[in-house]
Structures are given as C-alpha cells and as structure tokens.
Amino acid sequence: MVALTPTGQPAPTQSFYEAVGGEATFERLTTAFYAQVADDPIMRPMYPEEDLAPAARRLKMFLEQYWGGPHTYSEERGHPRLRMRHAPYTIGERERDAWLRCMRHAMDEIALTPEYDKVMWEYMERAADFMRNA
C-alpha cells in the first residue's frame with residue numbers, strides 16, 4: 001500500500017501507517033472502537049472475553065501490519081486467516097452494520113485527514129463485507 005500525500009499523490013518513502021501517525025493513531029483507533037463495542041448490544045456478545053483489551057491488542061496489531069507498520073501480528077499469531085478466526089460467530093448484515101457503526105465512530109474520533117479517512121474507511125467496509133458468513 002502506498003501512502004498518499006494530502007494532495008492525493010503517492011508518498012513512496014512513507015507507509016500509510018507512518019503517514020497517519022503510526023502506533024499512536026492505531027492505539028487511539030482501537031481504544032475508541034472497543035469503547036463502542038463494550039456498550040453495543042449486538043457486538044459485545046461476540047467477544048467472549050470479559051476484558052476487551054486482548055481483542056483490542058489483536059485488532060491494533062492486525063491493522064498496523066495491514067497498513068505498513070510492524071509485523072507483530074504475524075510474528076505472534078501467524079497468518080491472519082480472518083474468515084477462519086471469525087467463523088465461530090454468526091456475522092450477517094446486522095452484525096456487519098454494528099461493526100461498521102462502532103468503527104465509524106472510532107474513525108470519527110481519531111479524525112484522519114479526509115483523504116486518509118476515505119482510504120481507510122473503504123478498507124473497513126470491504127473487510128466488514130468479507131467477514132459475513134450468514
């Protein structure tokens with residue numbers, strides 16, 4: 001993935017991860033996301049752990065790796081195998097929409113520039129659709 005400059009031009013020496021603020025941005029994103037999940041009647045039951053911190057850490061590591069940051073996710077957990085890891089959960093349109101609602105709130109909270117927000121949001125929508133299994 002090639003990062004974009006604020007004018008939409010490629011920034012080949014900087015990853016998207018670096019361009020949006022690196023670890024601090026992804027920490028803020030996942031913290032904001034899981035704050036929404038904790039109170040969401042559709043999403044919360046899909047997270048069996050009492051403490052959402054491990055799930056937040058996994059999502060943060062995955063997103064960091066996807067966007068050009070550290071490969072900690074793969075080093076610790078192997079290939080992402082997202083559909084397989086989510087197979088035990090029924091993910092239909094309702095669940096997808098709830099996930100996207102929580103993520104949209106989190107993305108609004110971190111307030112990326114419009115260009116970066118658009119790129120990231122398009123990925124989130126594709127990923128949410130890809131996870132549907134019902």
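**Entry 1: α2 against α3**

I began with the pair α2 and α3, and I note that α2 passes α3 in a right-handed crossing. For the contact itself I listed E23, F26, E27, L29, T30, F33 and Y34 on the α2 side, and A55, A56, L59, K60, L63 and E64 on the α3 side. Sorting these residues by type, I get eight nonpolar, one polar and four charged. I should record early that the model is predicted, and that side-chain atom pairs count only at pLDDT 80 or more.

Next I looked up the geometry of this pair, since two packed helices are described by the angle between their axes and the distance between the axes. Here α2 and helix α3, which covers residues 53–66, pack at an angle of about 140°, and their axes are 9 Å apart. An angle over 145 degrees would count as roughly antiparallel, so I enter α2 as oblique to α3.

**Entry 2: the chain as a whole**

I then stepped back to the overall layout, where I find seven helices and two strands. Following the sequence, I read the order as β-β-α-α-α-α-α-α-α, with the strands ahead of the helices. The chain has 134 residues, and 43% of them count as buried. For the exposed surface I have about 7,500 Å², of which carbon and sulfur atoms supply 55%. I also looked up the contacts between residues at least 6 apart in sequence, and 63% of these join residues at least 24 apart.

**Entry 3: α2 against α6**

I returned to α2, now with its full extent written down, and set residues 22–39 against helix α6, residues 93–110; the two pack at an angle of about 135°, and their axes are 8 Å apart. By the angle, I class α2 as oblique to α6. The crossing of α2 past α6 is right-handed.

From α2, the residues that make this contact are T25, R28, L29, A32, F33, Q36 and V37, and from α6 they are W99, C102, M103, H105, A106, M107, E109 and I110. I divided the residues of the α2 and α6 contact into 10 nonpolar, three polar and two charged. Comparing my two lists, I see L29 and F33 in the contact with α6 and again in the contact with α3.

**Entry 4: T25**

Which residues does T25 touch once its neighbours within four places in sequence are set aside? I find V20, I110 and L112. T25 has its place in helix α2, and at 6% relative accessibility I count T25 as buried.

**Entry 5: A111**

Most residues other than glycine have a negative phi. I therefore marked A111, which is not a glycine and yet has a positive phi of about 50°. I place A111 in the loop between α6 and α7, the latter spanning 114–130. Is A111 buried or exposed? Its relative accessible area is 56%, so I enter A111 as exposed. I also looked up a distance from this loop residue: the C-alpha atoms of A111 and L29 are separated by 9.6 Å, although the two residues are 82 apart along the chain.

**Entry 6: α3 against α7**

For the pair α3 and α7, I note that the axes come within 13 Å and cross at roughly 120°. Angles of 65 to 115 degrees would count as roughly perpendicular, so this pair, too, goes down as oblique. I record the passage of α3 by α7 as a right-handed crossing. The residues that meet are F62, L63 and Y66 in α3 and Y123, M124 and R126 in α7. By type, this contact of α3 with α7 divides into five nonpolar, no polar and one charged. I note that L63 is listed here and also in the contact of α2 with α3.

**Entry 7: E93**

Last, I looked up E93, which lies in helix α6. Its relative accessibility is 46%, so I count E93 as partly exposed. How far apart are the C-alpha atoms of E93 and A134? I find a separation of 7.9 Å, with the two residues 41 apart along the chain.

Terms used
Residues numbered from 1 in each chain as written. Predicted model: local features only at pLDDT ≥ 70, side-chain atom pairs only at ≥ 80, totals over all residues. Heavy atoms only, no water. Helix = DSSP H or I, 4+ residues; strand = E, 2+ residues; numbered from the N terminus. Buried < 20%, exposed > 50% of the residue type's maximum accessible area, 1.4 Å probe, protein only. Contact = heavy atoms within 4.5 Å. Areas by Shrake-Rupley, 256 points an atom, 1.4 Å probe, with all protein chains shown as cover. Axes fitted to C-alpha atoms, helices over the stretch in contact; angles between N-to-C directions. Parallel < 35°, antiparallel > 145°, perpendicular 65-115°, else oblique. Left-handed = near helix turned anticlockwise from the far one by under 90°. Nonpolar A, V, L, I, M, F, W, Y, C, P; charged D, E, K, R; others polar.
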